[in-house]
Amino acid sequence: MPKNKYDSIYRDLKTKIENKEFAYQDFLPSENTMVQTYGCSRNTIRRAVSQLVSDGYVQALQGKGVRNIFRPVEQASFTTGGIESFKESSLRNHRKGRTKVLQFMELTADEKIAGRTGFAAGAELYYIQRLHFLDEKPLIINHNYFLKSAVPGLTPEIAENSIYEYLENELHMTIVNSQRVMTVEKITQIDEKYLHINVNDYNCMAVVSSHTYNSDGVMFEFTQSRHRPDYFRFQSNAVRKSPV
């Protein structure tokens, strides 16, 4: 089935949940109702709902329906279970987001960069350093490495808007999965300079390193996101499997 069909339904339902059109603990419309509303098959609805379940928005109860279990948080939160851009995260949290490109360059991966990013030595890359603002407060520094052959035509203007929008809407790339590692690391001079952190209050950063792959199995991105610890809460949805 076309990705944009179930994905647009997923996004519409998620927005309605976040905007409290479906109250906490309320059930979503029945599957039959959603088939008629969206003009699609049952499988398309089930795939969209399955994504909401994976993201921790709803709970599917056999014989009863799909219940909203989303609880908004006061702080902006970045969901670790899904793959979303900063722009998407800002909208999800109903906050005003803005991105400033600090560095944009093309480079060839040497052994040091290859060891840090996972790209092969000799790979042609874009390196982008970006500062992300929420409500005009600088909160995240991103160090992005993109494989040029997979992401042709990248520009600073695209990087200040949304790289993922460019990949999906212009290059028609399907982003499949992201392997992530979270660590707590000492604040660097760059962190202190751009994020306006008082080292007497905080001397560590929340750091998320991610390797992201497309539908061809190509790792096209390595990113290290360095977050102010006083403004962000990371959340994910965990499901316990039945013991074998």
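Contact here means heavy atoms within 4.5 Å. On that basis, among contacts in the protein between residues at least 6 apart in sequence, 60% join residues at least 24 apart. Keep in mind that this is a predicted model. The protein has 244 residues, and buried ones make up 41% of them. Its secondary structure comes to eight helices and 10 strands.

**The six-stranded sheet**

- Reading across the open sheet, the six strands come in the order β4-β5-β6-β9-β8-β7, and the pairing is antiparallel.
- β4 and β7 (175-186) sit at the edges, each with pairing on one side only.
- From one strand to the next, the twist averages 15 degrees.
- If you want to look at one pair in detail, try β7 with β8 (residues 204-214): they're antiparallel and share 11 bridges.
- For a handy register marker, S178 stands opposite T212 in β8.
- As general background, strands of a sheet pair through backbone hydrogen bonds, either parallel or antiparallel.

**Nonpolar cores**

- The largest nonpolar core has 27 residues, and the members touching the most others are L125, V151, L154, L167 and F220.
- Both strands and helices feed this core: β4 (97-108), β5 (124-134), β6 (137-147) and β9 (219-227) each supply at least two residues, and so do α6 (156-161) and α7 (163-170).
- A second core of 17 residues lies apart from that one, with L28, M34, V66 and F70 among its members.
- Zooming in on V151, and skipping neighbours within four places in sequence, you'll find it in contact with Y126, F146, Y166, L167, L171, M173 and F220.
- In soluble globular proteins, nonpolar side chains tend to be buried together.

**Where α2 meets α3**

- Helix α2 (residues 31-38) and helix α3 (residues 42-54) have axes that come within 9 Å and cross at roughly 105 degrees.
- Angles of 65 to 115 degrees count as roughly perpendicular, so α2 is roughly perpendicular to α3.
- On the α2 side the contact is made by E31, N32, M34, V35 and Y38, while α3 brings in R42, I45, R46 and V49.
- Sorted by class, this α2 with α3 contact has five nonpolar, one polar and three charged residues.
- M34 turns up twice in this picture: it takes part in the contact with α3, and it's also one of the residues of the 17-residue core.

**The β1-β2 hairpin**

- Strands β1 (residues 58-61) and β2 (residues 65-68) run antiparallel and are joined by four bridges.
- V58 stands opposite N68 in β2, if you need the register.
- Three residues lie between the strands of this hairpin, and G63 takes a positive phi near 80 degrees.
- V66, one of the residues in the 17-residue core, falls within the stretch of β2 (residues 65-68).

**Positive phi outside glycine**

- K20 isn't a glycine, yet its phi is positive, at about 65 degrees.
- You'll find K20 in the loop between α1 (3-18) and α2.
- Is K20 buried or exposed? Exposed means over 50% relative accessible area, so K20, at 63% relative accessibility, counts as exposed.
- Q25 is another residue other than glycine with a positive phi, this one near 80 degrees.
- Q25 also lies in the loop between α1 and α2.
- Its relative accessibility is 34%, so Q25 counts as partly exposed.

How values were computed:
Residues numbered from 1 in each chain as written. Predicted model: local features only at pLDDT ≥ 70, side-chain atom pairs only at ≥ 80, totals over all residues. Heavy atoms only, no water. Core = buried A, V, L, I, M, F, W, Y, C linked by side-chain atoms within 4.5 Å. Buried < 20%, exposed > 50% of the residue type's maximum accessible area, 1.4 Å probe, protein only. Pairing = 2+ DSSP bridges. Axes fitted to C-alpha atoms, helices over the stretch in contact; angles between N-to-C directions. Parallel < 35°, antiparallel > 145°, perpendicular 65-115°, else oblique. Nonpolar A, V, L, I, M, F, W, Y, C, P; charged D, E, K, R; others polar.
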